[in-house]
Number of protein chains: 2
Amino acid sequence: MKELIEKYKERGFKLTPQRLAILKFLDGNTSHPTADDIYRQIKKDYPTVSFATVYNTLQMLQKKGEVAEITIDHQKKHYDPNPKPHHHIICISCNKIGDVFEDYSEALRLPYHIEEEFKPVGSHINFYGICRGCQKKHKRRN
Amino acid sequence: MKELIEKYKERGFKLTPQRLAILKFLDGNTSHPTADDIYRQIKKDYPTVSFATVYNTLQMLQKKGEVAEITIDHQKKHYDPNPKPHHHIICISCNKIGDVFEDYSEALRLPYHIEEEFKPVGSHINFYGICRGCQKKHKRRN
DNA sequence: ATTTAAATTAGAATAATTCTAATCTAGTAA
DNA sequence: TTACTAGATTAGAATTATTCTAATTTAAAT
């Protein structure tokens, strides 16, 4: 976190209170928040904060590789502040997202005819499941 | 395709010319079209067709498992009329999407602590790459 | 204290998707 | 064939996430 702030300054970016609040909120956060989640949280301390600031900051953090967009929910983008490559599992009932820290890269070999057409640069797995809470809810209904 | 039309009727859905046109357009289509792509195509023959019809039909086909939404591009949803489970590779430069018919399911074992929290129901891999066309473009620039 | 490039802001603009309510029609049955 | 009706279509409005804009403010360097 401190390192991040340092990196921030080194690269000539200004460290504003709003950005600091966003950085703090994201630091170690595993809730995979949306821009709106972040906005609402920051608004508590900085009532005049705007979406533009949230999106700007997220965009910058993405460029720096500190935050990744999660492509798993079509409605809204989710953001993941863990820069370590990993995968995700999403509850198909409540959309809760979990992290999957497992390296499958050895197994994910592409067929040759694909590698002729695309130079691979990465991969990401979306697992789908039903979380505990929703399993219980479903049982209750039956 | 014929089977699909039969299935359609059997289940009490009406087969309208617009829907038939959409079905024909999707049949065997590997271009992973967006709703807008489909709309523009159908509009050629049915100039009064509306987005509502396109989205309605896609929704119905999804429920029947004949079409799947591809969660790989945040801007727009893409649709895949191939009901056989498979994965995708997307060009990070031009967004072109390719199909990856390879069964990785054996390798995609989830860590135990995840399986305690989620009952898995499926998975989908997004591969990222640079397509031939874009590789050439990039070289040209250098 | 001054300067200035960058950041913030409110609100408008954009764009994908969903909704609505009026109209129409495929398929059925008389 | 005709009439019926549940379901489909339509134009356009509404919604929602995200991006843009232009005026104002500010962090950080001088």
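**Figure 1. The two copies meet through the same surface, since 100% of the interface residues of chain B are also interface residues in chain A.** This is a predicted model, in which local features need a pLDDT of at least 70, side-chain atom pairs count only at pLDDT 80 or more, and totals for chains, interfaces and linings use all residues, while side-chain values use heavy atoms and leave out hydrogens and water. To find your way around, note that residues are numbered from 1 along each chain as its sequence is written, and that chains are lettered from A and ligands numbered from 1 in the order in which they are written. How many residues does each chain bring to the contact? Chain B gives 42 residues and chain A gives 42 residues, where contact means heavy atoms within 4.5 Å. The size of an interface is often given as the accessible area lost when the parts come together. Here chains A and B bury about 3600 Å² between them, with 65% of it on carbon and sulfur atoms; this buried area is the accessible area (1.4 Å probe) that two parts lose on being put together, summed over both. On the side of chain B, the residues that lose the most area to chain A are B:Thr71, B:His74 and B:Phe118, together 20% of what that side buries.

**Figure 2. A turn of 180° lays chain B on chain A.** After this turn, with a shift of 0.0 Å along the axis, the RMSD is 0.0 Å. Such a relation is that of a two-fold axis. The copies are superposed by least squares on the C-alpha atoms of residues with pLDDT of at least 70 in both. Which residue of chain B comes closest to the rotation axis? Look for B:Ile125, whose C-alpha is at 2.2 Å.

**Figure 3. Helix α3 of chain B turns one face inward.** Helices (H or I, at least four residues) and strands (E, at least two) are DSSP runs, numbered from the N terminus. In α3(B), the buried residues are B:Ala35, B:Ile38, B:Tyr39 and B:Ile42. Seen down the helix axis, these buried residues fall within an arc of 100°, so they line one face; the arc is that of the directions from the helix axis to the C-beta atoms. Buried means under 20% relative accessible area, exposed over 50%, and partly exposed in between (1.4 Å probe, protein chains only). What do the buried residues of α3(B) pack against? Their neighbours are α2 (17-26), α4 and β2 (78-80) of chain B.

**Figure 4. Two rings stack between helices α3 and α4 of chain B.** Rings of Phe, Tyr and Trp (its six-membered ring) pair if their centres lie within 6.5 Å; planes under 30 degrees apart count as stacked, over 60 as edge-to-face and the rest as tilted. Over all chains, the count is six aromatic pairs. Why is the pair of B:Tyr39 and B:Phe51 called stacked? Their ring centres are 4.0 Å apart and their planes lie at 20°, so the pair is stacked. B:Tyr39 sits in α3 (residues 35-45) and B:Phe51 in α4 (residues 51-63), so the pair ties together parts that are 12 residues apart in sequence. B:Tyr39 is buried, at 15% relative accessibility, whereas B:Phe51 is partly exposed, at 31%. In chain A, you can find A:Tyr39, A:Phe51 and A:Tyr55 in one aromatic cluster.

**Figure 5. Strand β3 of chain B is covered on both faces.** On one side are B:His87, B:Ile89 and B:Cys91, on the other B:His88 and B:Ile90, and all of them are buried. Two strands pair if DSSP finds at least two bridges between them. β3(B) pairs with β4(B) in the antiparallel sense over four bridges, and B:Ile89 stands opposite B:Gly98. With β5(B) (residues 118-131), the pairing is parallel, again over four bridges. There, B:Cys91 has B:Gly129 as its bridge partner.

**Figure 6. A hairpin in chain A includes an asparagine with a positive phi.** β3(A) (residues 87-91) and β4(A) pair in the antiparallel sense over four bridges, with A:His87 partnered by A:Val100. From β4(A) (residues 97-100), A:Ile97 and A:Asp99 point one way and A:Gly98 and A:Val100 the other, and all are buried. Five residues lie between the two strands, and among them is A:Asn95, with a phi near 70°. Is A:Asn95 buried or partly exposed? At 38% relative accessibility, A:Asn95 is partly exposed. In chain B, B:Asn95 lies in the loop between β3 and β4 and has a positive phi of about 70° although it is not a glycine.
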